[in-house]
Amino acid sequence: FMRTANVFSAVPYFFLKLRNHPLKAILIIIGFICIMYLASPNYVGDAHEIPNLPWSLNYVKELLGIENNFIALLFTVVFRVLLLFGAREKLLGEGIEQFLVWGIPGLELSVYLFLGVVQLVGFYLAVRFFFQQYGVVSLVILIPIGAYILTYPQQRYLIPFIPICLFGLALGFDNIAKNFKKL
């Protein structure tokens, strides 16, 4: 009952779990992907196409009035990360223009920005902890995040990673509490 787009969350898990048996891992991963594709061919079949929606490089260049492609690309990546970690599909699909109004739309945009920053900080703290504890192999969880940022970055696809974000926030609060007790 997992969304087919979240197949990228399960594939690294299988690969990591079966890393000592690479052939078995590859066969299971291919089988899993085939089953997911057959279960919903219209949904997964179009997942490889980058949507023609706002938040592309040209959209960001027009929005910010930037001519330099490199700077616009940096802003595009930052915006897409914030979209993934805190925004609804409406912001991704329709752009930011309708949220730049005083009142409820502006408040909604502020909540998305706050939520995106908080979850991103939590995710960073968790990944840093996993990296320190388990090494490079723990970075496999970044594969689906990268795929979502490149394709369709909205918070719906972050759902399998929200426990990781919350774990990172708990680690951060625990460190703050320990430092506060030392005072």
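Trainee: How many salt bridges does a search of the whole structure find?
Mentor: This is a predicted model. One salt bridge joins E108 to R88, and D174 forms one with K178. The search of the whole structure therefore gives a count that rests on a nitrogen of Lys or Arg lying within 4 Å of a carboxyl oxygen of Asp or Glu. The number found is two.

Trainee: How far apart are the closest N and O atoms of E108 and R88?
Mentor: This pair links distant parts of the chain, with E108 in helix α7 and R88 in the loop between α5 and α6, 20 residues apart. E108 is partly exposed, at a relative accessible area of 21%, and R88 is also counted as partly exposed, at 43%. The closest N and O atoms of the pair are separated by 3.0 Å.

Trainee: Why are D174 and K178 separated by about one helical turn?
Mentor: An α-helix has 3.6 residues a turn, so residues three or four places apart point the same way. D174 is partly exposed with a relative accessible area of 36%, and K178 is partly exposed with 47%. Their closest N and O atoms are 3.5 Å apart in the salt bridge. The separation is about one turn because both residues lie in helix α9 and the spacing between them is four residues.

Trainee: Which side chain of opposite charge is nearest to K61?
Mentor: K61 belongs to helix α4 and is buried, yet has no salt bridge. Beyond four places in sequence, K61 touches I66, E67, N69 and A72. A salt bridge requires a separation within 4 Å, and the nearest side chain of opposite charge is 5.4 Å away; that residue is E67.

Trainee: With which side chain does the side chain of K61 make a polar contact?
Mentor: K61 is buried and has no salt bridge. The side chain of K61 does make a polar contact, at 2.5 Å, and the partner is the side chain of N69.

Trainee: Which residue caps the N-terminal end of α5?
Mentor: Helix α5 has 18 residues and reaches 25 Å from its first C-alpha to its last, close to the 26 Å expected. At its N-terminal end, a side-chain oxygen lies 2.9 Å from the backbone nitrogen of F70. The residue that supplies this oxygen, and so caps the helix by a polar contact within 3.5 Å, is N68.

Trainee: Against which helices do the buried residues of α5 pack?
Mentor: The buried residues of α5 are A72, T76, R80, V81, L83, L84, F85 and G86. These residues pack against α4, α6, α7, α8 and α9.

Trainee: Is R80 buried or exposed, and at what relative accessible area?
Mentor: R80 lies in helix α5. Leaving aside neighbours within four places in sequence, R80 is in contact with W55, I149, L150, T151 and P153. Because the limit for a buried residue is under 20% relative accessible area, R80 counts as buried, at 11%.

Trainee: Which residues touch the most other members of the largest nonpolar core?
Mentor: This core holds 29 residues, and α4, α5, α6, α7, α8 and α9 each supply at least two of them. Helix α7 gives the most, with six residues. Outside its neighbours within four places in sequence, F123 is in contact with F85, I141, L142, I145, F161, I164 and C165. The two core members that touch the most others are L91 and F123.

Trainee: How far apart in space are F167 and F123, C-alpha to C-alpha?
Mentor: F167 is placed in helix α9 and is partly exposed, with a relative accessible area of 32%. Beyond four places in sequence, F167 is in contact with A126, F129 and F130. F167 and F123 are 44 residues apart in sequence, while their C-alpha to C-alpha distance is 8.0 Å.

Trainee: Of contacts between residues at least 6 apart in sequence, what share joins residues at least 24 apart?
Mentor: The chain has nine helices and zero strands. Buried residues make up 35% of its 183 residues. Among contacts between residues at least 6 apart in sequence, the share joining residues at least 24 apart is 64%.

Technical notes
Residues numbered from 1 in each chain as written. Predicted model: local features only at pLDDT ≥ 70, side-chain atom pairs only at ≥ 80, totals over all residues. Heavy atoms only, no water. Core = buried A, V, L, I, M, F, W, Y, C linked by side-chain atoms within 4.5 Å. Buried < 20%, exposed > 50% of the residue type's maximum accessible area, 1.4 Å probe, protein only. Helix = DSSP H or I, 4+ residues; strand = E, 2+ residues; numbered from the N terminus. Contact = heavy atoms within 4.5 Å. Lys, Arg positive; Asp, Glu negative; His and termini not counted. Polar contact = N/O pair within 3.5 Å; in protein donor to acceptor, adjacent residues only side chain to side chain. Expected span 1.5 Å × (residues − 1).
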